[in-house]
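Please examine the sequence and the model shown here before reading further. The explanation then proceeds step by step.

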Amino acid sequence: MGDFYVPHAFSNIDAHPHPVRLVNALFRLRTEPFFVSYKQRLRHLLQAQPGQRFLDVGAGTGDAARELADESGAQVITCDLSRTMCETMKHTGLKNVAVADSHHLPFKSAAFDGAWADRVLQHVEDPDRVLEEMLRVVRPGGRIVVCDPDTATQALNIEDHRLAARILGLRQTASIRHGTFARRVPGILTARGLLDVEVEPHTLVVRDKRTIDDTMGVRDWADVFADRGYIDRTEAHRFNTLLNEAIESGQFLYSVTYFLTSATVPRT
């Protein structure tokens, strides 16, 4: 599971030594109640209708695209920079799949009734540019929905709070390119003149031992940072010891808030 936390792993999946591990990590996350819940809300905010066309930017395994199409009767096109992810989508039955750089979407302007990016903008090189591209390809009156975690909202309970803060700080600065971009999205969309800009906080809280081991990979964080020289092995060992103690005693808690932002492209 540690590969999930290799710095910037999801920024270039195909360059990862074992990209299938990242695919499997996404497959594990999709069944967790928190992710199921906010993704359902994301699809609702798109306001999709039968016959409309939507774009899933950075679609990953394509689960959200399939679910939106099944629920609404809309046509969904998916794109992802990763050929590995695109092949995964095709193998699971999706047909309208494009290998594409989200900074330069290969679609005509106003080609879609809506577009969304779920846990994508935090990983790209220039999230402002990707957001502009999403706005370009959505018709007037169409919908934009974006969701990402804000890594500055993380909380972690182990006995040594300073060490916990150090590890969380590295997750914010070293693991993800734009860990706090999610808080900027509502203001950017408002400044671009979009209408009905709404932002919803959805907080992931992890205490269940199975979730810790199977989906969050918390036990690997310190070792990954030690491997890359951000902390020394003594710090990593101490973190792992305190982490295991907190988990076994029921004291462990990890949380992070996701910001789910939706808006409407103006008609004029």
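The paragraphs below treat the sheet, the helices that lie on it and the nonpolar cores.

This model is predicted. Its sheet is open and contains 7 strands. Read across the sheet, the strands follow the order β3-β2-β1-β4-β5-β7-β6, and their pairing is mixed. The edges are formed by β3 (97-99) and β6 (195-206), each of which pairs on one side only. From one strand to the next, the twist averages 15°.

At one of these edges, β6 is paired with β7 (residues 253-264). The two strands run in the antiparallel sense, and 10 bridges join them. Within this pair, L195 stands opposite T264 in β7.

Helices also pack on the sheet. Which strands does helix α5 touch? Helix α5, residues 127-137, touches β1 (53-57), β4 (112-118) and β5 (138-157). The direction of α5 makes about 155° with that of β5. Helix α6, residues 161-175, lies across β5 and β7. The angle at which α6 runs to β5 is about 150°.

The side chains complete the picture. The largest nonpolar core has 51 residues, and those touching the most other members are W116, W221, F239, F252 and Y254. With neighbours within four places in sequence set aside, the residues in contact with W116 include L42, L46, F54, L55 and D56. Further contacts of W116 include A64, A65, L68, V76, M134 and V145. Another core, of 29 residues, lies apart from the largest one; V57, F112, V138 and F181 are among its members. V57 is also one of the residues in contact with W116.

Terms used:
Residues numbered from 1 in each chain as written. Predicted model: local features only at pLDDT ≥ 70, side-chain atom pairs only at ≥ 80, totals over all residues. Heavy atoms only, no water. Pairing = 2+ DSSP bridges. Helix = DSSP H or I, 4+ residues; strand = E, 2+ residues; numbered from the N terminus. Axes fitted to C-alpha atoms, helices over the stretch in contact; angles between N-to-C directions. Contact = heavy atoms within 4.5 Å. Core = buried A, V, L, I, M, F, W, Y, C linked by side-chain atoms within 4.5 Å. Buried < 20%, exposed > 50% of the residue type's maximum accessible area, 1.4 Å probe, protein only.
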